[in-house]
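Hi everyone, thanks for making time. I'd like to walk you through one structure today, so let me put it on the screen.

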Amino acid sequence: MKKLLSVSGTLLLLVGALSSVAPAAVAQPAPSANWHAKRVCADVPSGYASCFALKLVDDSATANAAQGGHVQPASTTPPSTGKTPTDIQGAYNIAGLNPGGRTVAIVDAYGYPNLERDLGVYRSQFGLPACTVSNQCLTIMNQTGGSKLPQFNSGWADETALDVDAVSAACPGCKILVVQASTASMANLGTAVATAAKQPGVAAISNSYGGGDSADSSYGAYYNHPGIAVTASTGDNGYTGSSYPASSSYVTAVGGTSLVKDTSARGWSESAWSGSGSGCSTVNAALPAAASFGTGCSKRASADVSAVADPQTGLSVYAPTSSTASSWSQYGGTSLSSPLIAAMYALSGNTGNSSTLANSLPYSNTGNFNDVASGSTGSCPATQWCLAGTGWDGPTGVGSPNGVAGL
């Protein structure tokens, strides 16, 4: 009898071990070993923000010899490695949802003359409904709501292309408002956010940029819009301290993941992307909704939520290569995750309560998120600030959306 029990116990242990084996990754295209992520916007002085978009470029010997290296893998077709709208909608369980006429606003700096044309190419490629100025799906204005748009800037135009394509991928039925700040100063970008918040139908405002940690006493009025979900990228440098406006108590701070197909019931797995920004603000108040989540921060902790940001598992985007020409490439950074989350807020329809900040919603609805419990951004003073684990962690917050009920 003892022998039988021993065998039975061994079998039970074996079954338990087998049931805990992680789902296998599905074979999928991978970017060339010579492709590396490159920032599209340069560093900026205090008082200004840099966009966080990353694109894959070619660092091969051939590219170096022919064109000096760092060549964008330009193409007339989307890269096979890039995520598509079908991928995004499937991974986050948002396919077929109706935004009910709501608008996602994108705030960026400088101008992008071919925005409408390029967005049309992206949406046509993937069979999405047209989104144009004439059909009133797309609106473009300057930071004060006027029609005279700022001068072209190649880096920020890349950022804008990523933002509008990301919103299109997650929410093909959303209207899109693009507000272009005259420069990348925090004051001008903030003015653009305030202008976006005044436009009818705006349910969410995405901000894929940041500077150093700043006080809400200086800039918070620009981002304080109860009833509208204001999202902001946490940055692409891992645990380095907070970035504003993600460190604002008024926004939803969006971190980043690596997103890979697997054989699980979900069909996808996510881990913390190694670049996902996180940190503790030194100047802004902690979110009351996060008080029981063990952030380890005495003040505002980032991130709150997350979505795909790893450029190696990023989005296919149709973006400018100059002021006149555009092509397909693969983009990522938390510049991707912020507009994705903004679009999902718009799909939820839950943000219209003018007495509630949207950043409280994920903490009250954690059961509607995929808990990202693996991956790391390096080392830091408190483990949860840079190591993904069960529950809240700095790189991914409470996780990535499983549908939109949590937003």
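Before we look at the sheet, one term: two strands count as paired if DSSP finds at least two bridges between them. Please also keep in mind that this is a predicted model.

With that, look at strand β8, residues 209-212, which is joined to β10 by 2 bridges, with the two running antiparallel. If you want a spot to zoom in on, Gly212 has Ser243 in β10 as its bridge partner. The open sheet here has 3 strands, ordered β2-β8-β10, and its pairing is antiparallel. At the edges sit β2 (50-51) and β10 (243-244), each pairing on one side only.

Now for the rings. Searching the whole structure gives 9 aromatic pairs. One of them is Tyr122 with Trp328, a tilted pair at 5.9 Å centre to centre and 35 degrees between the planes. Those two come from distant parts of the chain, 206 residues apart: Tyr122 is in helix α4 (residues 115-125) and Trp328 in strand β17 (residues 326-332). Is Tyr122 buried or exposed? Tyr122 counts as buried because its relative accessibility is 0%. Trp328 is buried too, at a relative accessible area of 1%.

Back to β10 for a moment: Tyr244 in that strand meets Tyr223 from helix α7 (residues 216-223), 21 residues apart. Their rings are edge-to-face, 5.8 Å centre to centre, with 85 degrees between the planes.

Finally, the core. The largest nonpolar core has 100 residues, and those with the most contacts inside it include Tyr92 and Trp156. Among the residues Tyr92 touches are Leu259, Met344 and Pro401. Happy to rotate the view for anyone!

Conventions: Residues numbered from 1 in each chain as written. Predicted model: local features only at pLDDT ≥ 70, side-chain atom pairs only at ≥ 80, totals over all residues. Heavy atoms only, no water. Core = buried A, V, L, I, M, F, W, Y, C linked by side-chain atoms within 4.5 Å. Buried < 20%, exposed > 50% of the residue type's maximum accessible area, 1.4 Å probe, protein only. Contact = heavy atoms within 4.5 Å. Helix = DSSP H or I, 4+ residues; strand = E, 2+ residues; numbered from the N terminus. Phe/Tyr/Trp six-rings, centres within 6.5 Å; stacked < 30°, edge-to-face > 60°. Lists of a residue's contacts leave out its neighbours within four places in sequence.
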